[in-house]
Amino acid sequence: MNFFRGVMGGQAAGPQPSGAETIHKLCDRVASSTLLEDRRDAVRALKSLSKKYRMEVGTQAMDHLINILQTDRSDSEILGYALDTLYNIICNDEEEEQDESEDAVTPLPVSGKHKNVSMPDENSQKQADDLGAQFTEMFIQDPEHVTLLLALLEEFDFHVRWPAVKLLTALLKNQGVQLQGVILVSPMGVSRLMDLLGDSREVIRNDGLLLLQQLTKSNAAIQKIVAFENAFERLLDIITEEGSSDGGIVVEDCLLLLLNLLKNNSSNQNFFKEGSYIQRMKPWFEVSDDNSGWSAQKVTNLHLMLQLVRVMVSPVNSPGATASCQKSMYQCGLLQQLCTILMATGVPADILTETINTVSEVIRGSQVNQDYFASVNAPSNPPRPAIVVLLMSMVNERQPFVLRCAVLYCFQCFLYKNQKGQGEIVATLLPSTIDANSISAGQLLCGGLFSADSLSNWCAAVALAHALQDNLTQKEQLLRVQLATSLGKPPVSLLQQCTNILSQGSKVQTRVGLLMLLCTWISNCPIAVTHFLHNQENVPFLTAQISENLGEDERLVQGLCALLLGICIYYNDNSLENYTKEKLKQLIEKRIGKENFVEKLGFITKHELYSRAAQKPQPVFPSPEQMLFDHEFTKLVKELEGVITKAVHKSSEEEKKEEEVKKTLEQHDNIVTQYKELIREQDAQIQELKEQVASMSSQNEVMQTTVTQQLSQIQQHKDQYNILKLKLGKDNQSQSNGQGDVSQVNGLQTEELTQLREEVEELRKQHTLLQTLLGDKDTLIDTLRSEASQAAEVSAGGSENEELLKELEALRSQVQSQSAEINQLSTERQELLRRAEAGSSDVVPSTDSTIDAAKMAELESRLSAQTTEKERLKEETKTLSESRADLEQQLASATSTVAILQTEKTKLQTEVQESKKEQDDLLMLLADQDQKIHSLKLRLKGLGETVEDEDDLDARDQTDDDDEEDEDED
């Protein structure tokens, strides 16, 4: 332990060893000690020396430290010391020295950001960077070392996991590309790093964000893997937890990582959009009414958030992806929220500038978003359109330069592919729409175009040129604009006023802006060229400017003048006799020279600022003096430079030949166009006929199906009718049997019954004959007749019942009279019995008693006979009553059967009528179908198509059948 006390700063006698010697001894101790405690103390000593003796520790101890990481995985303390030592020798950041004691716990910083305390001079910093890169290269020579670090990230112990994260971050800073390749091929390498975002210890999570920032730089493959590891969800959750724009530096780190993942990565951008993460960005921009006291961190966060929106709608993205993101931003209300910030008060200037740029790209090329932006009003009294308020800032020379550039970019994006907006801007300049009581966009542009500030001149000229971009109608409309220059003088046109300012020799920036406006205005517009050439001073001015030998600053003006004169030649319709194409070319040849003219024309593209402006649409300039070229104008120059050069070099004969060739080609093109139109019409007609044929075929199939269905329904109706007919026949037979019995009861003759049956048989024969002749209709008529005969029979049965009832009543009256007589005789018998009993007391019978006895016997015989007759009549009455009940029941049954038959008859008649109507309709449809098919065949024959008639098909089928029969016979 005395050795370690000497190393750690203890007092020892004798000369002190040098740093290299001490480090060498410590390395030997690490390599040779068998006790873990000795190795731990040696590694801790190396850690304390690694900052002061970085070179020595790195060259002598790196292999031993890596060996410690491999062999002593069970001791987290020695792993932490080894990782910290490696970090100190690899990291290039200058940090404060941290006092550590033998048993002290390492203090935890609040954030993962590491700030430089002292600023070393340039040479020492460069040496430190080189040293860190060399040690990093030594470390990653073996990819297993990186894999070992990734495995250590799975250790939950803070003293292992946090140093491992810092060491990986330092390695990525020094040798990012090589380390990215190793991590990319390492199994689960990116997934282990993504797990750091879920660590509950903020220090590790925050340093994990820094690590992922370094890992995702300029590597699309790793960016995709990180994105599909649910990085967007996790990062947005962290931003929300930390307070969004009001959060601290952690929010900034998350936003930087999001920018790395999304910038120039179309796959991740599409994943971000499809995952509905754009909607989660809206709450970031909810700014309160009290916008005072913005902290520097909030400004930084909001600036990054705006950049994140711009990444999604950047003009360099594919048009389809940009349009989709623009649509989503409008639908979720993000654009509306940005416009609220745009019109709010108290917003810092740099945030306002970035917001204007963001709104510009959100509305660029999107008609819906552009229309919404046109409807936004500033909260002023009276309310003014946001476009007008922004243009007021653009032409105000007291506003910051970057803000004016942002407003110009916003106006350009508003007019990009927006002919409706272009028309509205130009309309504010026309005499019929000028409102003297309000400030319009056109008035602001004219004011800026002719103000004393050259930057306002340039911005207004470029803005007005964008109102004319690719819009021939507005170019012609702008020729109507008249300006009142001063009192007492007639108004002059806007075109004339621009040329007047050019001739006055103003600042270069002003003249460049006006020349760009004129070139855009008259290009591809022969009427504007004629108006420009009509002023006799314009052509001499241009030739004078081009022919002079001026300084470097005037070269760009000369090139633009050459371009303007070349446009006058190329788009000249020869309507002015003095300035035809040929005369202008002769003028160039005499006054300037063709070669000199082409050389001056090339000054534009050779200018140092031309290529910078051609790179991207946003006007970004280091200083106002370098604001000379517009992005859209560079496209126009690229398009016209070659054709103007050819037009100037062509002779009159070549031009005449070319014009003749053009006319011939135009004629050929017209002929070809006519034939193409004819072919298109014929194709359209053929397609229409084919569609009609297909429609007719489908209709025919439907009709055939309908006919089949109708036929099946008719067959069903026939079957039902036959069943009903059979049922009716059985009922008629049963009724005939019942009626025969009634006839026998009532004494009807058999001849009458036979006659009725013969009549029914005759009717059936007639029914059969009519069914053969007329079908279903006659069948129904026969049915009705048979039903009528049945009704007649039922009515006959009813009359017979009435006769039976009368006879029954007569019998009842007879029974009653006989009952009365029986009662009388019974009374007399009782009287006689009483008398006999009274006379039985006499001894000698008399003659009277003999007579009475004989009379009594007679009465008793009569009484017995009457009683017998009474019982017989009662039985007969009972039988007749039962017969009457049966007849009444048969009558009711016959009546209900007649009602049912009448209902069935009505139903069958209705169904027959409907079937006949449907058959008639089908026949009409089939006739129309045949007529249409016949007309279509005629039309197809007229068009030259081969159409086979049904007769031909029948004849061919017959021929085929005959051939088959011949072959069978052979």
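I take a residue as buried under 20% relative accessible area, exposed over 50%, and partly exposed in between. I keep in mind throughout that this is a predicted model.

**Entry 1: salt bridges**

I began with D371, and by that cut-off I count it as partly exposed, because its relative accessible area is 30%. Its side chain meets that of K420 in a salt bridge, at 3.9 Å from N to O. The pair links distant parts of the chain, since D371 sits in helix 19 (residues 367–375) and K420 in helix 22 (residues 419–427), 49 residues apart. K420 is likewise partly exposed, with a relative accessible area of 49%.

I then looked up R511 and E554, whose side chains meet in a salt bridge of 2.8 Å, N to O. This pair also links distant parts of the chain, with R511 in helix 27 (residues 508–522), E554 in helix 30 (residues 552–570), and the two positions 43 residues apart. I found both R511 and E554 to be buried. I also noted a network in which R40, D75 and E77 are joined by salt bridges that share partners.

For a pair within one helix I turned to R44 and D41, whose side chains form a salt bridge of 3.2 Å, N to O. The two residues are three apart in helix 3 (residues 36–49), so about one helical turn separates R44 from D41. R44 is buried, with a relative accessible area of 10%, and D41 is buried as well, at 11%. How many salt bridges does the structure hold? I wrote down 21 for the structure.

**Entry 2: helices 18 and 26**

I checked the length of helix 18 (residues 349–363) against expectation: at 1.5 Å a residue its 15 residues should span 21 Å, and its end C-alpha atoms are indeed 21 Å apart, so the two values agree. Is helix 18 largely enclosed or largely open to the outside? I found that 13 of its 15 residues are buried, and therefore I describe helix 18 as largely enclosed by the rest of the structure. After helix 18 comes G365, with a positive phi near 80°.

I went through helix 26 (residues 494–503) in the same spirit, and because seven of its 10 residues are buried, I describe helix 26 too as largely enclosed by the rest of the structure. The buried residues I listed there are L494, L495, Q497, C498, T499, I501 and L502. Just after helix 26, G505 takes a positive phi of about 75°.

**Entry 3: contacts across the sequence**

Where does G293 lie? I located G293 in the loop between helix 14 (266–274) and helix 15 (296–312), and at 76% relative accessibility I count it as exposed. From G293 to V347 I noted 9.7 Å in space, C-alpha to C-alpha, with their positions 54 residues apart in sequence.

I next took H303, which is placed in helix 15 and counts as partly exposed at 23% relative accessibility. H303 and I351 are 48 residues apart in sequence, while their C-alpha atoms are 6.2 Å apart in space.

**Entry 4: positive phi outside glycine**

Which residues other than glycine did I note with a positive phi? One of them is N230, with a phi of about 70°. N230 is placed in helix 12 (residues 220–241), and at 37% relative accessibility it counts as partly exposed. I also recorded S276, which is not a glycine and has a positive phi near 60°. S276 lies in the loop between helix 14 and helix 15, and I count it as partly exposed, with a relative accessible area of 40%.

**Entry 5: surface patches**

I closed with the surface, where E914, E918, D920 and D921 form a negative patch. Of these I looked up E918, which is placed in helix 39 (residues 847–942) and is partly exposed, with a relative accessible area of 31%.

A nonpolar patch of about 390 Å² is made by I671, Y675, L678 and I679. I followed I679 from this patch and found it in helix 36 (residues 652–745), where I count I679 as partly exposed at 45% relative accessibility.

Terms used:
Residues are numbered from 1 along each chain as its sequence is written. Side-chain values use heavy atoms; hydrogens and water are left out. Patches are made of residues with over 30% relative accessible area and no salt bridge: like charges are joined within 9 Å, nonpolar side chains (Val, Leu, Ile, Met, Phe, Trp, Tyr) within 5 Å. Accessible areas come from the Shrake-Rupley method with a 1.4 Å probe; for residues, only the protein chains shown count as cover. A salt bridge is a side-chain nitrogen of Lys or Arg within 4 Å of a carboxyl oxygen of Asp or Glu. Lys and Arg count as positive and Asp and Glu as negative; His and the chain ends are not counted. The place of a charge is taken as NZ of Lys, CZ of Arg, CG of Asp or CD of Glu. Helices (H or I, at least four residues) and strands (E, at least two) are DSSP runs, numbered from the N terminus. Buried means under 20% relative accessible area, exposed over 50%, partly exposed in between (1.4 Å probe, protein chains only). The expected span of a helix is 1.5 Å times one less than its number of residues.
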